[in-house]
Amino acid sequence: MEVNSQNVLEVKALTKVYPGDVTAVNQVSFSVGKGEMVAVLGPSGAGKSTLLRCLNRLIRATGGQVLVNGQDITQRRGKALRQLRSDVGMIFQQFNLVPRLTVFENVLAGRLSHTRNPFWFTASVTRWFSEDNKQKAYDALKRVGIEHLAPKRADSLSGGQQQRVAIARTLAQEPAVILADEPVASLDPASSQRVLSILKEICKSKNIPVIVNLHQMDLAQQYATRIIGIEQGHLVFDGKVGDFTLDIAKKIYGEQFESAVFNPDLERVEAA
Ligand SMILES: Nc1ncnc2c1ncn2[C@@H]1O[C@H](COP(=O)(O)OP(=O)(O)OP(=O)(O)O)[C@@H](O)[C@H]1O
Ligand SMILES: [Mg+2]
């Protein structure tokens with residue numbers, strides 16, 4: 001594989017075999033550089049979530065390597081593994097906020113790996129964090145445009161707002177790369193556009209690569225700079241959005257093509 005010093009993430013022959021001999025990710029290799037927004041597309045069961053989960057070690061790969069800023073993370077344990085988790089931000093479909101905590105406290109959780117206190121979830125959460133950490137959490141909330149919601153309980157927010165809190169939490173973490181697994185699958189169209197615009201803006205202005213699993217091809221076409229296609233665990237396409245043609249889409253999605261939305265006439269959305 002070509003070695004590029006700008007690569008933040010390098011994935012080499014990554015393979016995940018689940019018990020029962022299910023090969024969910026099969027010899028997948030690619031690298032991602034600063035400022036790239038990569039959409040991972042593929043039919044249900046193709047291995048998209050498994051791929052992302054191997055990249056932040058939520059699950060352990062069976063084979064291959066994942067390098068983050070040149071460091072192999074596949075064999076890490078203990079403290080080194082925790083460090084990795086702070087380098088790799090993760091955003092989920094269901095937001096994964098702590099419902100009873102405030103928006104601000106949820107975002108502060110993103111600073112956890114930068115504090116020594118392990119009891120953050122006990123009463124009076126905020127007093128355990130330094131002013132610097134609090135400022136970073138506030139800045140992250142501002143960046144996603146919801147600083148006015150800071151004192152609200154997380155579970156009082158709309159889905160779109162909760163996903164913005166989750167993005168702020170990830171930003172507060174100061175990650176080297178952001179992974180997002182179907183971040184807009186539970187959102188209405190307007191909120192979906194907003195969330196992807198925010199991710200794109202972060203990717204461009206902060207130069208943080210974003211890798212996002214998406215079900216909707218049209219959203220990938222609008223926001224991504226690059227598309228990776230996964231089919232039965234194999235990487236079957238890796239190229240610029242403009243090179244992702246109807247024929248390729250049909251090949252990747254197979255029988256599921258009808259339920260995926262391909263729109264060759266969409267205007268691309270550039271970051272502000
Ligand atoms: N914990 C697990 N144990 C065993 N098999 C699993 C496990 N998780 C996923 N699989 C299998 O691995 C394959 C890939 O699943 P994965 O969830 O990664 O696909 P996906 O592309 O994210 O699908 P979707 O679009 O539906 O979210 C599927 O065949 C799935 O059944
Ligand atoms: Mg999935």
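The following questions and answers introduce the sheets, helices and ligand shell of this predicted model.

User: In what order do the strands of the open sheet of six strands stand?

Analyst: This open sheet has mixed pairing. Its edge strands are β6 (88-92) and β10 (234-240), each of which pairs on one side only. Neighbouring strands are turned by 15° against each other on average, direction ignored. Read across the sheet, the order is β6-β7-β8-β3-β9-β10.

User: Over how many bridges do β9 and β10 pair?

Analyst: Strand β9 covers residues 226-231, and β10 is an edge strand of the six-stranded sheet. One bridge partnership joins Glu231 to His234 in β10. The two strands pair in the antiparallel sense, and the number of bridges is six.

User: Which strands stand at the edges of the sheet of four strands?

Analyst: The four strands form an open sheet with antiparallel pairing, in the order β2-β1-β4-β5. A strand at the edge has a single partner strand, so one of its sides is left without a neighbour in the sheet. The strands in that position are β2 and β5 (71-72).

User: Which residue in β4 is the bridge partner of Lys12?

Analyst: Strands β1 and β4 pair in the antiparallel sense over five bridges. Strand β4 covers residues 63-68. The partner of Lys12 in that strand is Gln65.

User: Which residue in the turn between β4 and β5 has a positive phi?

Analyst: Strands β4 and β5 pair in the antiparallel sense over two bridges. Across this pairing, Leu67 stands opposite Asp72 in β5, and Val68 stands opposite Gln71 in β5. The two strands form a hairpin with two residues between them, and the turn residue with a positive phi, of about 45°, is Asn69.

User: At what angle does α1 run to β2?

Analyst: Helix α1 lies across three strands, β1 (7-18), β2 and β4. These strands belong to the open sheet with the order β2-β1-β4-β5. Relative to β2, the helix runs at about 60°.

User: Which element supplies the largest share of the shell around ligand 1?

Analyst: The residues around ligand 1 are Tyr18, Gly20, Val22, Ala24, Gly42, Ser44, Gly45, Ala46, Gly47, Lys48, Ser49 and Thr50. Two elements, β2 (22-33) and α1 (48-55), each supply at least two residues of this shell. The largest share is three residues, and the element that supplies them is α1.

User: How many residues of the shell around ligand 1 are charged?

Analyst: The shell includes residues such as Val22, Ser44 and Lys48. Its residues divide into four nonpolar and seven polar, and the number of charged residues is one.

User: Which strands does helix α6 lie across?

Analyst: Helix α6 covers residues 189-205 and runs at about 155° to β8. The strands beneath this description belong to the open sheet with the order β6-β7-β8-β3-β9-β10. The strands that α6 lies across are β3 (37-41), β7 (177-181) and β8 (210-213).

User: What is the relation of α4 to α5, roughly parallel or oblique?

Analyst: Helix α4 (residues 131-143) and helix α5 (residues 159-172) pack at an angle of about 135°, with their axes 8 Å apart. Because of that angle, α4 is classed relative to α5 as oblique.

User: How many nonpolar residues lie in the contact of α4 with α5?

Analyst: The two helices pass each other in a right-handed crossing. Lys136, Ala137, Ala140, Leu141 and Arg143 in α4 meet Ala168, Leu171 and Ala172 in α5. The contact holds no polar and two charged residues, and the number of nonpolar residues is six.

User: How far apart are the axes of α5 and α6, and what is the hand of their crossing?

Analyst: The angle between α5 and α6 is about 15°, which makes α5 roughly parallel to α6. In the contact, residues of α5 including Gln163, Ile167 and Leu171 meet residues of α6, among them Val195, Ile198 and Ile202. The residues of this contact divide into six nonpolar, four polar and two charged. The axes lie 9 Å apart, and the crossing is right-handed.

Technical notes:
Residues numbered from 1 in each chain as written. Chains lettered and ligands numbered in written order. Predicted model: local features only at pLDDT ≥ 70, side-chain atom pairs only at ≥ 80, totals over all residues. Near = placed C-beta within 6 Å. Nonpolar A, V, L, I, M, F, W, Y, C, P; charged D, E, K, R; others polar. Axes fitted to C-alpha atoms, helices over the stretch in contact; angles between N-to-C directions. Parallel < 35°, antiparallel > 145°, perpendicular 65-115°, else oblique. Left-handed = near helix turned anticlockwise from the far one by under 90°. Contact = placed C-beta atoms within 7 Å. Pairing = 2+ DSSP bridges.
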